[in-house]
Amino acid sequence: MHATTSHPPSLNAAAEPRSAAAPKALEFLSFTLGQEEYGIDIQKVQELRGYDTVTRIANAPEHIKGVVNLRGIIVPIVDMRIKFNLGTPSYDQFTVVIILNIGSRVMGMVVDSVSDVITLTPGQIKPAPAMGSVLDTAYLIGLGTLDDRMLILVDLEKLMSSDEMGLIEKMVA
C-alpha cells in the first residue's frame, strides 16, 4: 500500500513542470497601433522587418494587404490597423511587419511600431472587460499592467481564426 501511495505523487511530479509553467512569467512583444499598446506572445514571433511593398491578391479582404516572398516562403501580410478598424494606415520608417509562426503557418502582421519585450507575471494580467458589441474581446488574453503602462494582450490563434486562416491558405495556394 505504501508503494501505491508513493506512485501517484511520482506521476504528479512528472506532470508538475507543465502545471508549474503556467504561473511563471510570460514574455510579450509590445507594439503600437494608433494610441494603444498591444502585446503578443514572443514565442510566436519569428522576426521583425520593415514594411516593404506587397503583392496584392485579387478579391482579398481589405485587411489582407497581400503577400511577400520571404526566402522562398509566400507570406500573407495582415494590416492590424485595418483589421482592428483603427482608421487609415500610414506607412513610414517606423512601420514594422512582425513575421509570426502560428501553427504551421508563417504570416506577417503590419503594426505602427514595435516597442520592446515585456515580461509579465500572471498577477499582472487582468481579464479583458466585457465591451459588448463595441469591441470583440474573444481574441484577447487580457490586459497586462506594468508600472504606468497597460498592454492589450492579443491571442494570435483566436485573432487569426480558422476561417481567416483557411481564407489565407486558399489565397496563397
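Which residues have the most contacts inside the largest nonpolar core? They are F31, I40, M80, I98, L100, M109 and V111, within a core of 28 residues. Please keep in mind as you look around that this is a predicted model.

**The chain as a whole**

Let us step back to the overall picture. The protein chain holds 4 helices and 11 strands. Of its 173 residues, 39% count as buried. The accessible surface comes to about 10200 Å², and carbon and sulfur atoms account for 55% of that area. Among contacts between residues at least 6 apart in sequence, 56% join residues at least 24 apart.

**Two open sheets**

The strands can be followed through two open sheets, set out here.

| Sheet | Strand order | Pairing |
|---|---|---|
| Open sheet of 6 strands | β8-β1-β2-β11-β10-β9 | mixed |
| Open sheet of 5 strands | β3-β6-β7-β5-β4 | mixed |

In the sheet of 5 strands, the edges are β3 (45–50) and β4 (64–70), each of which pairs on one side only. From one strand to the next, the twist in this sheet averages 30°. Inside it, β6 (residues 96–102) and β7 (residues 105–111) are antiparallel partners, paired over 7 bridges. If you would like a landmark for that pairing, look at N101, whose bridge partner in β7 is V106.

Turning to the sheet of 6 strands, its order begins with β8 and ends with β9. These are the edge strands, β8 spanning 113–120 and β9 spanning 125–126, and each pairs on one side only. Strand β1 (residues 26–33) runs antiparallel to β8, with 6 bridges joining the two. Here a handy landmark is F28, which stands opposite I118 in β8.

**Back to the core**

With the strands in place, we can return to the core of 28 residues. The elements that give two or more residues to this core are β1, β2 (36–41), β4, β6, β7, β10 (140–146), β11 (149–154) and α3 (156–159). Which element gives the largest share of this core? That is β6, with 4 residues.

V111 is a good place to zoom in, being one of the residues with the most contacts inside the core. Leaving aside neighbours within four places in sequence, V111 is in contact with F31, T32, L33, M80, T95, V96 and I98. Of these partners, F31, M80 and I98 also appear among the core residues with the most contacts.

Apart from the core of 28 residues lies another core, of 9 residues. Its members include V54, L70, V75 and V110.

Key. Residues are numbered from 1 along each chain as its sequence is written. This is a predicted model: local features need pLDDT of at least 70, side-chain atom pairs count only at pLDDT 80 or more; totals for chains, interfaces and linings use all residues. Side-chain values use heavy atoms; hydrogens and water are left out. Buried means under 20% relative accessible area, exposed over 50%, partly exposed in between (1.4 Å probe, protein chains only). Contact means heavy atoms within 4.5 Å. Accessible areas come from the Shrake-Rupley method with a 1.4 Å probe; for residues, only the protein chains shown count as cover. Two strands pair if DSSP finds at least two bridges between them. Axes are lines fitted to C-alpha atoms, for helices over the stretch in contact, and angles run from 0 to 180 degrees between N-to-C directions. A nonpolar core is a set of buried Ala, Val, Leu, Ile, Met, Phe, Trp, Tyr and Cys residues joined through side-chain atoms within 4.5 Å.
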